[in-house]
Amino acid sequence: MTQPSASRFPTPAIDKLPEDIRTRLLEVQEKSGFIPNVFLTLAYRPDEFRAFFAYHDALMDKDGGLTKAEREMIVVATSSANQCQYCVVAHGAILRIRAKNPLIADQIAVNYRKADITPRQRAMLDFAMKVATASQLVSDADFAALAGHGFSDDDIWDIAAIAAFFALSNRMANVTGMRPNDEFYMLGRLPK
């Protein structure tokens, strides 16, 4: 039996959605073989869907000092701290694929401090976690520590923005009762 994408708000029918949103959902389905439930859940509010994914894409799909795998590390670590099952499972799958490492997402979700990551990545996640859980404590010392690991001001902005954006995503996933798609659980775990 197929589970609903979210339990607290209705999931709109794809054929009833505005054309731009329907097109995006069908493109995602064609690329991945399924429509991630976050797309279906957020389609309930089309204007917010557009704004959410515009900011998501601006943060996660660009080049810069952070790799795409490192961006996903931030999402997995902070989503774990925020107890967001959907984002840990979904972005854990993306992390496994981008890092080409079937173990890394579980390690980071459980305790990034013990994960098989570099000291630079650990510093990145230390800062991301501070932004996600105690942003009022961010200080110049945090910036100096990150600069010591080679992070630029733009990189630091990206780390903070990803942690902050996914704090919103985590909270909405929890409020809506968003369920991870079953397909996410095995993605990136076995070699192709």
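These legends describe close-up views of a predicted model.

**View 1. The largest nonpolar core holds 56 residues.**
Ile74, Tyr86, Ile108, Leu125 and Ile159 have the most contacts inside this core. Eight helices are listed here because each supplies at least two core residues: H1 (19-32), H2 (37-42), H3 (46-60), H4 (68-81), H5 (85-99), H6 (104-111), H7 (119-134) and H9 (153-176). H9 gives the most, with eight residues.

**View 2. Leucine 125 and its contacts inside the model.**
Leucine 125 is among the core residues with the most contacts. Leaving aside residues up to four places away in sequence, leucine 125 touches Met73, Ile74, Ala77, Ile108, Tyr112 and Ile117. Of these partners, Ile74 and Ile108 are also listed among the core residues with the most contacts.

**View 3. Helix H4 is mostly covered.**
H4 has 14 residues. From first C-alpha to last, H4 reaches 20 Å, close to the 20 Å expected at 1.5 Å a residue. Of its 14 residues, 11 are buried. Among them are Met73, Ile74, Val75, Val76 and Ala77. Charged names appear in the buried list as well, including Glu70, Arg71 and Glu72. The buried residues of H4 pack against H3, H5, H6, H7 and H9. After H4 comes glutamine 83, whose phi is positive, near 55°.

**View 4. Cysteine 84 and cysteine 87 form no disulfide.**
The structure holds zero disulfides. The sulfur of cysteine 84 has its closest cysteine sulfur in cysteine 87, 3.6 Å away. That is too far for a bond, because a disulfide needs the sulfur atoms within 2.5 Å. Cysteine 87 is likewise in no disulfide. Both side chains are shielded. Cysteine 84 counts as buried, at 1% relative accessibility. Cysteine 87 also counts as buried, at 2%.

**View 5. Phenylalanine 34 meets phenylalanine 184 edge-to-face.**
The structure holds 11 aromatic pairs. In this one, the rings lie 5.1 Å centre to centre, with 85° between the planes. The pair links distant parts of the chain, 150 residues apart. Phenylalanine 34 sits in the loop between H1 and H2. Phenylalanine 184 sits in the segment after H9. Phenylalanine 34 counts as buried at 7% relative accessibility. Phenylalanine 184 is buried too, with a relative accessible area of 6%.

**View 6. Ring pairs build an aromatic cluster.**
Phe39, Phe49, Phe52, Phe53, Tyr55, Phe165 and Phe166 are linked into this cluster by ring pairs.

Methods: Residues are numbered from 1 along each chain as its sequence is written. This is a predicted model: local features need pLDDT of at least 70, side-chain atom pairs count only at pLDDT 80 or more; totals for chains, interfaces and linings use all residues. Side-chain values use heavy atoms; hydrogens and water are left out. A nonpolar core is a set of buried Ala, Val, Leu, Ile, Met, Phe, Trp, Tyr and Cys residues joined through side-chain atoms within 4.5 Å. Buried means under 20% relative accessible area, exposed over 50%, partly exposed in between (1.4 Å probe, protein chains only). Helices (H or I, at least four residues) and strands (E, at least two) are DSSP runs, numbered from the N terminus. Contact means heavy atoms within 4.5 Å. The expected span of a helix is 1.5 Å times one less than its number of residues. Rings of Phe, Tyr and Trp (its six-membered ring) pair if their centres lie within 6.5 Å; planes under 30 degrees apart count as stacked, over 60 as edge-to-face and the rest as tilted.
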